Amino acid sequence: MTAIRRGGVEDLEAVAAIQRASPGAAGWNVADYLKEDIRVAIVGDRIVGFLVARTVAADEREILNLAVAPEFRRKGVARGLVADALGAFRGSVFLEVRESNGVAQEFYKSLGFKELSRRKGYYDCPPETAIVMKFHSC
Ligand SMILES: CC(C)(COP(=O)(O)OP(=O)(O)OC[C@H]1O[C@@H](n2cnc3c(N)ncnc32)[C@H](O)[C@@H]1OP(=O)(O)O)[C@@H](O)C(=O)NCCC(=O)NCCS
């Protein structure tokens, strides 16, 4: 069974390891996630996924990063993290995803996100277009 709770400093090593194993995820300094809303998914005593979000306005949230350890993918872990992070939230949720990251796009589409726009040259290392996706919950 997967449990989800707020992430803390004690989780950052595991979060960094998942991030390193997930080229599609953003590669930010994981310590910065403590300033945002970070949630971790746990199976047994292992951190198997994380999601970082922030509130932009009363009716607007943004998913900043999301990744699941490769061996725990396709088991509903990310779906559970998004449900936990957005829960009773009402409003618009935005995120950016690399154009080449078809798996993440399929994942977000499965939750009802739609492509909103494209930002050319948004990413570097390697340079790539970002697809902006939006979900509206009312
Ligand atoms: C994208 C990611 C977070 C999805 O995590 P996950 O825990 O495997 O996703 P879930 O098991 O909750 O999948 C939910 C649904 O998303 C879709 N989906 C997930 N992975 C998919 C894949 N490889 N191919 C097609 N659809 C997929 C399916 O509809 C799936 O439902 P189903 O399994 O009942 O068919 C994971 O693949 C990952 O960590 N990727 C690397 C990091 C990354 O790209 N992050 C995105 C940053 S924007």
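Arginine 74 counts as exposed, because only 9 C-beta neighbours lie inside 10 Å, and a residue is exposed at 12 or fewer. In this predicted model, arginine 74 is found in the loop between β4 (60–68) and α2 (77–86), and its phi is near 65°, a positive value in a residue other than glycine. Such a value deserves notice, since most residues other than glycine have a negative phi.

To place that loop in the whole, it helps to follow the chain from its beginning. The chain holds three helices and seven strands, and from the N terminus on these elements run in the order β-α-β-β-β-α-β-α-β-β. The radius of gyration is 14 Å, close to the 14 Å that the globule rule gives for 138 residues, so the chain is as compact as a globular protein of that length. Along the principal axes, the C-alpha atoms fill a box of roughly 40 × 35 × 30 Å. Of the 138 residues, 29% count as buried, and among the contacts with a separation of 6 or more, 58% are made by residues 24 or more positions apart.

The strands toward the end of the chain can be followed through their pairing. Strand β7 (residues 128–137) runs antiparallel to strand β5 (residues 91–98), and eight bridges join the two; within this pairing, valine 97 has isoleucine 131 of β7 as its bridge partner. Strand β7 is also joined to strand β6 (residues 114–123), again in antiparallel fashion, by six bridges, and here glutamate 115 has methionine 133 of β7 as its bridge partner. Strand β7 is thus described by two pairings, one with β5 and one with β6.

The connection between β6 and β7 is the place to look next. These two strands form a hairpin with four residues between them, and both cysteine 125 and proline 126 are found in the loop that links the strands. Cysteine 125 has a phi near 50°, a positive value in a residue other than glycine, and it counts as exposed because it has 6 C-beta neighbours inside 10 Å. The peptide bond that joins cysteine 125 to proline 126 is cis, with omega at about -5°. Both features stand apart from the usual backbone pattern, because most residues other than glycine have a negative phi, and most peptide bonds are trans.

Key
Residues are numbered from 1 along each chain as its sequence is written. This is a predicted model: local features need pLDDT of at least 70, side-chain atom pairs count only at pLDDT 80 or more; totals for chains, interfaces and linings use all residues. The radius of gyration is taken over C-alpha atoms; the globule rule is 2.2 Å times the number of residues to the power 0.38. A residue is buried if 20 or more other C-beta atoms lie within 10 Å of its own, exposed if 12 or fewer, and partly exposed in between; C-beta atoms are placed from the backbone. Two residues are in contact if their C-beta atoms, placed from the backbone, lie within 7 Å. Two strands pair if DSSP finds at least two bridges between them.
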